[in-house]
Amino acid sequence: MADSKYFSTTKKGEIHELKEELASLDRPKKKEAVKKVIAAMTVGKDVSMLFPHVVNCMQTEDLELKKLVYLYLINYAKTQPDLAIMAVNTFVKDSQEPNPLVRALAVRTMGCIRVDKITEYLCDPLQRCLKDDDPYVRKTAAVCVAKLFDINPELVEDRGFLDMLRDMLSDANPMVVANALAALQEIQEINGKEVLQITSHMLFKLLAALNECTEWGQVFILDALVSYQVQDSKDAEKIVER
């Protein structure tokens with residue numbers, strides 16, 4: 001297997017070598033070092049002492065390298081919350097990158113880092129991404145709201161994120177609609193209170209998105225439709241026809 005070299009037995013002085021390679025100006029060498037760190041982490045080795053060195057690799061245009069660094073951050077941020085703050089500026093910067101994949105990756109990763117200090121900085125980028133021009137960024141941001149609610153529900157309510165999710169149910173993109181709906185359903189489950197009430201107006205928007213969604217999205221839409229209270233037989237007929 002081509003990647004088997006990354007899972008080799010720990011050698012003497014390996015951590016010192018990795019620190020040097022992570023600081024290298026040679027991009028391929030730096031990327032190889034991050035891959036070795038991720039491989040060690042994957043098999044259960046403690047590489048948390050490399051946190052500041054790995055974080056320094058975040059500022060790169062190489063999307064694969066950035067994904068690897070973000071993966072490392074998600075894994076170790078909880079045990080290194082003070083060091084995780086070092087990554088905030090890069091997250092915020094990445095959430096405004098021209099590349100929508102980078103914007104989505106930044107907001108998704110911030111949502112996965114369950115650290116209060118990071119959460120405080122997530123709100124502004126998340127607010128921007130929920131209104132992003134690119135549907136991929138919007139649908140990613142919608143899921144992130146549910147993750148944020150699980151960490152800090154008061155913050156989500158105070159910043160108006162629930163209302164933004166409800167507004168997204170009218171989005172022109174069916175996957176954005178499905179993700180916003182999935183996020184609201186997850187929040188409702190966590191909260192134990194009703195945050196989503198399906199109105200007749202909303203119902204037909206969801207039905208319109210149903211045929212355009214992936215199977216995953218269709219499941220969430222159908223689950224939501226079950227809770228709709230049919231007004232009369234004519235109302236039921238309209239739904240069936242759609």
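Begin by selecting C123, L126, Q127 and L130 in helix α8 together with F161, M164 and M168 in helix α11, because these are the residues through which the two helices meet in this predicted model. If you colour the selection by residue class, the residues of this contact divide into 6 nonpolar and 1 polar, with no charged residue among them.

Now widen the selection to the whole of both helices, taking residues 116-130 for α8 and residues 161-168 for α11. Two packed helices are described by the angle between their axes and the distance between the axes. Here the axes come within 11 Å and cross at roughly 15°, and since angles under 35 degrees count as roughly parallel, α8 and α11 are therefore roughly parallel to each other. As you turn the view, look also at the sense of the crossing, for α8 passes α11 in a left-handed crossing.

Next, select residues 135-151, which form helix α9, and residues 174-191, which form helix α12. At what angle do these two helices pack? The angle between α9 and α12 is about 0°, and their axes lie 8 Å apart, which makes α9 roughly parallel to α12. To see the contact itself, show the side chains on both helices: the α9 side includes P135, R138, V143, F149 and D150, while the α12 side includes M175, N179, A183, E186 and I190. The residues of this contact divide into 12 nonpolar, 3 polar and 4 charged.

Move now to the loop between α1, residues 14-22, and α2, residues 27-42, and select S24, which has its place in that loop. Is S24 buried or exposed? With a relative accessible area of 13%, S24 is buried, given that residues under 20% count as buried. Leaving aside the neighbours within four places in sequence, S24 is in contact with K29 and K30, so add these two residues to the selection.

Finally, select the whole protein chain and display it as a cartoon, where you can follow 15 helices and will find 0 strands. Of the 242 residues in the chain, 44% count as buried. When a surface is added to the picture, the chain exposes about 13,100 Å², and carbon and sulfur atoms supply 50% of that area. One last thing to keep in mind while tracing the chain is that, among contacts between residues at least 6 apart in sequence, 63% join residues at least 24 apart.

Technical notes
Residues are numbered from 1 along each chain as its sequence is written. This is a predicted model: local features need pLDDT of at least 70, side-chain atom pairs count only at pLDDT 80 or more; totals for chains, interfaces and linings use all residues. Side-chain values use heavy atoms; hydrogens and water are left out. Axes are lines fitted to C-alpha atoms, for helices over the stretch in contact, and angles run from 0 to 180 degrees between N-to-C directions. Helices (H or I, at least four residues) and strands (E, at least two) are DSSP runs, numbered from the N terminus. Angles under 35 degrees count as roughly parallel, over 145 as roughly antiparallel, 65 to 115 as roughly perpendicular and the rest as oblique. A crossing is left-handed if the near helix is turned anticlockwise from the far one by less than a right angle, and right-handed if clockwise. Contact means heavy atoms within 4.5 Å. Ala, Val, Leu, Ile, Met, Phe, Trp, Tyr, Cys and Pro count as nonpolar, Asp, Glu, Lys and Arg as charged, and the others, Gly among them, as polar. Buried means under 20% relative accessible area, exposed over 50%, partly exposed in between (1.4 Å probe, protein chains only). Accessible areas come from the Shrake-Rupley method with a 1.4 Å probe; for residues, only the protein chains shown count as cover.
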